[in-house]
Amino acid sequence: MRIATLLGALSIAPTLALAQVEKTYDRFKTATVVRARISGADDRGRPIPTLIGTFAGDKLVTSPTTISLLFQKTSPDWKYLQCFGTDFLLDGRPFSLGEPTHDGRVGAGYVLEFIQFTVGFTRIVELASAHTVEVKICNDEFRLSAQEMSIIKDFVRALTPPSDSAVLARISVQADSSAPPIPTPVEAASDAGPPGLAAAEFMRAVETGNLDLMASLWGTEKGSALKTGQPSDYARRIEIMRTYLQFDHVRITRSTGNGKKDKRITVVIELSRRRCIARIEARMIQARDGNWIVNSIDLAHADEVLAPCR
């Protein structure tokens, strides 16, 4: 979703603070927009998050594939124009959402800036599941408040079908600073790049059993199987992959090639199950729409190594 579009959708005033989650059905587009809206006064002097997700129709059937996460900041002058790199710590552990984009506009005596990420829904689930979320934008560090974390959880609930009990249970754990962090089943190395992050997103879909999300992240250069409907038996193939790729923990360790130049990249996926560890290769491809998706994955080797630990 383009930032210019988001500016209009948010109906932004010059002073901002977190408010609530709202659903709006657009009958002309036959789509529902869910927003963690922002209004009021920004008295914290640092960027505030906003979340936007869209699903088809007026009734939620499946969670959306992607979510827009924005950080908004009102200042007397430009603050992040030349420096808007953003890093995260979830329960003290590095967490990547890829590279953000920056935009903004000048008002009467103020500048409103936006730092935007477009990420998979499961990444927002991970944010909502954390006890603490720390953010660093350029040189500014801050921690999301309990109110902000509550809004993120509500946002995830609003975009999670009742049948997806795993996600609902995951975000229902109450924050407790004395409790140990919840292990993240899927991790990507900090230098994994867009292909590696897409592979991690695919493995998170495997973990949650979200077959539609898996299908949206697997396919050919023409696009994902979910979008193109090809191959015709893609649903059966997705189910087979989910069966063979059962794991306790996954790490995307490295990728070969230059994701900025090459349209095909190989990433190494390390799967752990009990005492068994399998390192398999997945071929990633950049589809015509610009998104990175899984093209093939070495199921045979995964089955050979992990079979004794079933």
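User: Where in the chain is confidence lowest, and where is confidence highest?
Analyst: Confidence here is pLDDT, the predictor's own score for each residue, from 0 to 100. It is lowest in helix 1 (residues 3–10), with a mean of 46, and highest in strand 12 (residues 219–220), at 93. Helices (H or I, at least four residues) and strands (E, at least two) are DSSP runs, numbered from the N terminus. The chain as a whole has a mean pLDDT of 80, and 83% of its residues reach 70 or more.

User: What should I keep in mind about how these values were obtained?
Analyst: This is a predicted model, in which local features need pLDDT of at least 70 and side-chain atom pairs count only at pLDDT 80 or more, while totals for chains, interfaces and linings use all residues. Residues are numbered from 1 along each chain as its sequence is written, and side-chain values use heavy atoms, leaving out hydrogens and water.

User: What makes strands 6, 5, 9 and 10 a sheet, and which are its edge strands?
Analyst: Two strands pair if DSSP finds at least two bridges between them. Strand 5 (residues 86–90) and strand 6 have three bridges, so they meet that requirement. The four strands form an open sheet in the order 6-5-9-10, with antiparallel pairing. Strand 6 (93–95) and strand 10 (140–143) are the edges, as each pairs on one side only. On average, neighbouring strands of this sheet are turned by 25 degrees against each other, direction ignored.

User: Which residue stands opposite L89, and what is notable about phi of D91?
Analyst: L89 faces P94 in strand 6. D91 sits in the loop between strand 5 and strand 6, and its phi is near 50 degrees, a positive value in a residue other than glycine.

User: Why are helix 2 and helix 3 called oblique to each other?
Analyst: Their axes come within 9 Å and cross at roughly 140 degrees. Axes are lines fitted to C-alpha atoms, for helices over the stretch in contact, and angles run from 0 to 180 degrees between N-to-C directions. Under 35 degrees counts as roughly parallel, over 145 as roughly antiparallel, 65 to 115 as roughly perpendicular, and the rest as oblique. Helix 2 (residues 121–129) and helix 3 (residues 146–158) are therefore oblique.

User: Which residues make that contact, and how many of them are nonpolar?
Analyst: With contact meaning heavy atoms within 4.5 Å, helix 2 brings F121, I124, V125, L127 and A128, and helix 3 brings M149, I152, K153, F155 and V156. By class there are nine nonpolar, no polar and one charged residues. Ala, Val, Leu, Ile, Met, Phe, Trp, Tyr, Cys and Pro count as nonpolar, Asp, Glu, Lys and Arg as charged, and the others, Gly among them, as polar.

User: How many bridges join strand 7 to strand 8, and what does G109 do in their hairpin?
Analyst: Six bridges join strand 7 (residues 101–106) to strand 8 (residues 111–120), and the two run antiparallel. The hairpin has four residues between the strands, and G109 takes a positive phi near 85 degrees. V106 stands opposite V111 in strand 8.

User: What kind of peptide bond joins Q230 and P231?
Analyst: A cis one, with omega about -5 degrees. P231 lies in the loop between helix 7 (225–228) and helix 8 (234–244).
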